[in-house]
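Biologist: Hey, got a minute to walk me through a structure?

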Amino acid sequence: MRGFVIAAVWLTIVLVPGLAAAQEAEALRRELEQLRRQQEQAQKLIEALNERLKRLEAQPVPAPASPGPPPPAVAQPAPSAPAAPPSLIDLARPRQPFALYQPRGSGQLLFDMGVVGDFVGNITQNNVDQADGGTFPGRENRFFPREIEVSFFGQIDPYARGEVRIEAAEEFEDGTREIHLGLAEAHLTLLTLPWGTQAKLGFMRSRFGLLNQIHAHDLPQVDRPDVLVQFFGEEGLRESGVELTWVPPLPFYLEALVGVFNGDNEESFGRGSLKAPLVTGRLRTFFELNDSNAIQLGVSGATGETEDRRRNTVVGLDLKYKFTPEGWRHPLLTIAGEALYGNRLVEVFDDAGVGEERRRERFGWYAYAEVQPWQRWLGGVRYDNTQYPVEPGRQWAIEPYIAFMPSEFLRFRLGYKHTERSHPFAATSGQGSARIVDEFLFQASFILGAHPAHPF
Amino acid sequence: MRRIVTTIVLLLAVGAGLPGAAVEGADKVRVVTTIPDLKSLTEAVGGDLVDVESLMRGTQNLHEAEVRPSMMLKLRRAQLLVENGAELDAWVDVAVQGANNGEIVRGGRGRVEAGRGVPLLEVPSARVDRSMGDVHPGGNPHFSLDPGLAPIITQNILDGLARVAPQHRAAFERNRAAFLSRLDEHMGRWTKLMEPVRGAKVVVYHPDFIYFLTRFGLVQLGTVEDRPGIPPSPQHLVTLIRQMKEQGVKALLVEPWNDVRLANRVAEEAGAKAYVMASAVGAVKGADNYIAAIDYNVTTLVKALAR
């Protein structure tokens, strides 16, 4: 037993250090192997960086004042993988859509912002002032902010685009003037629907006719045409609902639109319920006669119920022609116009106070021609002629104007408007008379930041 | 009236039933580019397999486009939209919105930004605002007519074409290689031609040519525009003319869509001459494709500066 123990101790003393040495050698070998791999990787990295440096050096020198040696005509293409469509996991991953966009550098927003300032003014006769019968009722002989608008717009995600506009303006209500802050528009557009369709949902300016969808600061004249103001009010047809457009694959351009809205328009469609919605429609086509001449034609319709639950239907036709000489940066001549026909039921009371439902068929139109011989200056004239949608009578007006645009983002307009009404009461809410109105109109508007390109 | 309505309804019904390709009557990849330089490069890569249209013409100011429904019609049928990027053709977004074509919306499979990976020049190093005119915060976007950048641009186009027509990738790659090889041959000749005028100073109307000038070792002394997109003030012109005289500038380069008369007057006052350049493919007669446009510019400059 004693001998066995001695042998075991001896074996332990002799073998353990040997085993330990063998393990250490193995660990060293592994470490060396790892170092060799790392060296190979580092070498590969250096080679890749050298390659990249060569490519960068082959591209233009970013110092135009001191040109360097001529780079080779054909530089190596920069590695550029196409943007792969986002996977479901990508889409599900939490994001901060309104945070600053870090990957492209700090300071970049994920959407565009713009501010529009639109100031208008007018000078007119005292009697018109007293009657609140001018183009801007209740704000005669004043210079005021008509539309100070802050807008945010951009892609929401790969499938939709959003736009929000908040505006402040001086308004006249119940005999008082005050600055009113409110929502001008807020909507999203689904861009990737099938079969050439697109849907716009939210609170928007309806695409009825030519100018209803245009914001006040972008109008071709200082004021909105009389027929549109008479039929749809000073704000125009601005509604909450949905618009669906379809561009069929035809050899010519055709856009078909149908809209369904609450019906919140105080002049024509005030029912305000989807149980009796305001339904709109529009067909728009375009002919490019040649590179210089182009014409757009449209037909629109809207049917809904008035505030007192009576059917009202308005149909419109519009046309716009532009002549842009070859190489010009702006059109030399623009001719456009719109005609509206209204068919509505109204309640009329006789002398005894007995009400009777009657049908009112009304018509109105406007047309304007504009000449822009220089980039900074243009001049034009607009003619308006419209019946009143409910009351008897009509009015016509003529408005010559000039505009000066120091840049794309700043504009001044000066106009003169002569209006004649068949009945003085038509526009009077206070005292005095406003049958004949002469006004000098002026406008200054600016754009800060982003503003989308102007359509035709 | 009834007949007209019936005809319209029939047209719509037929149109709705037909796929876009059937209307076109062709089996090619339908590509729309924003500017004609990209049309020419796309044709070079796509060859017979593509049918390319450009929304703008070379004679137009590429910054400013009036978005016409005819653009929307082209985009409605497009499988691929190739845009320049760097804010030169940001107007195309409005046209795309009216085209109702989900394939080419921003982020879509059929959208190509040609300038991706291009190292931009004149990137502002300080805060910019509109008091400096129509500045591009990301850098100068007029890179498309720099032959040295054609490999990057055509690679982006190739990637886009291969996304919508992967079966033709090999053919696109062959076309691109052949085009770049041709361009390389021309580049050797252009470099040789420009060697004697290397280092010469020129004045431009709008900073359209900075990439081209840098490529061939020329120096842009100044611009007729006081600030980009803003018509020049008399004071600025007086200073510019004085500088041109002092520095012995022989050539003032102007785009066909800009004020050529003013360019002529300034050049005359400074003892130089104004030259209408191919600011884009198709901008002047004889600049009908990418190589021809660069050739026109090289030849014009060599003649102008050798006077």
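Modeller: Sure, here is a quick chat about the domains and a sheet. This is a predicted model: local features need pLDDT of at least 70, side-chain atom pairs count only at pLDDT 80 or more, and totals for chains, interfaces and linings use all residues. Residues are numbered from 1 along each chain as its sequence is written, and chains are lettered from A and ligands numbered from 1 in the order in which they are written.

Biologist: Cool. How is chain B divided?

Modeller: Into domain 1 (18-119 + 133-184) and domain 2 (190-305), with bounds from an automatic or database domain assignment. The domain centres, taken over C-alpha atoms, are 27 Å apart in chain B.

Biologist: And how many residues are in contact between domain 1 and domain 2 of chain B?

Modeller: 24 residues of domain 1 of chain B contact 21 residues of domain 2 of chain B (C-beta atoms, placed from the backbone, within 7 Å). Helix α3 (residues 36-46) of chain B gives the most to the domain 1 side, with five residues; helices are DSSP runs of H or I, at least four residues, and strands are runs of E, at least two, numbered from the N terminus.

Biologist: Switching topic: what order do the strands of the open sheet have?

Modeller: In chain B the four strands go β6-β5-β7-β8, with parallel pairing (at least two DSSP bridges between two strands).

Biologist: Which are the edge strands?

Modeller: β6 (219-223) and β8 (273-276) of chain B, each pairing on one side only.

Biologist: What about β5 and β6 of chain B, how many bridges?

Modeller: Strand β5 (residues 201-204) of chain B pairs with β6(B) over four bridges. There, K201(B) sits opposite V219(B) in β6(B).

Methods. Contact = placed C-beta atoms within 7 Å.
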